[in-house]
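Reader: I'd like to see how the labels on this one are earned. Can we take them one by one?

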Amino acid sequence: MRGAPVKGPRDASPEGLDKPTMSAVLQHYGVDYRDSTLGWQSTLCPVHSEDTASFRVSTEDGGFLCQACGIQGGDVLDLIMIKEECDFPAAKRIAAGIPGERSGKRVTSGRPPPVARRESGYRPSFGRKRRG
């Protein structure tokens, strides 16, 4: 099951899912990393044992990639599914039990946020409705 994240249905309920931050999940699994670093950083992989840092993680975006074993994903639930070798509902239960800071990001239907108007009233052309 290692190598690619398990693709399962995401929670599309209106209340969404309150997930732990990537920092909280890395601490839960005992991964040593620098929380103050912005962007992508290298550390030891939580899935396999190694001596050289080959696991790249972005604590801001939640993305990760191990250049040694090939695991990759886009959020903390993907990392939990790979590490615990479980499915999406089990990963949600495990995530709920991880102490620490919560991301506040909720899994939604996948629609992009609406395009906001600027103070001047200008709205970019890709956000306008076509007249027809």
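Author: Sure, bearing in mind that this is a predicted model. A good place to begin is tryptophan 40, which stands opposite serine 58 in strand 2.

Reader: What makes strand 1 and strand 2 a pair?

Author: The cut-off is at least two bridges between them. Strand 1 (residues 40-43) and strand 2 are joined by 4 bridges, so they count as paired, and they run antiparallel.

Reader: And how do you know that strand 2 pairs with strand 3?

Author: By the at-least-two rule again: 3 bridges link these antiparallel strands, so they pair. Valine 57, for one, has phenylalanine 64 in strand 3 as its bridge partner. The two strands form a hairpin with 5 residues between them, and glycine 62 in the turn has a positive phi of about 90°.

Reader: Why is glycine 63 called buried?

Author: Buried means under 20% relative accessible area. Glycine 63 has 9%, so it counts as buried. It lies in the loop between strand 2 (55-58) and strand 3 (64-66), and it touches Trp40, Arg56, Val57, Ser58, Gly73 and Gly74, leaving aside residues up to four places away in sequence.

Reader: What makes the aspartate 75 to leucine 77 approach a polar contact?

Author: The limit for the N or O pair is 3.5 Å. A side-chain oxygen of aspartate 75 comes within 3.3 Å of the backbone nitrogen of leucine 77, at the start of helix 2, so the pair qualifies.

Reader: How do you know that helix 2 is mostly covered?

Author: In helix 2 (residues 76-84), 7 of the 9 residues are buried, among them Val76, Leu79 and Ile82. Their cover includes helix 1 (22-28) and helix 3 (88-96).

Definitions and conventions: Residues are numbered from 1 along each chain as its sequence is written. This is a predicted model: local features need pLDDT of at least 70, side-chain atom pairs count only at pLDDT 80 or more; totals for chains, interfaces and linings use all residues. Side-chain values use heavy atoms; hydrogens and water are left out. Buried means under 20% relative accessible area, exposed over 50%, partly exposed in between (1.4 Å probe, protein chains only). Contact means heavy atoms within 4.5 Å. A polar contact is a pair of N or O atoms within 3.5 Å; within protein, one must be able to donate a hydrogen and the other to accept it, and residues adjacent in sequence count only if both atoms are side-chain atoms.
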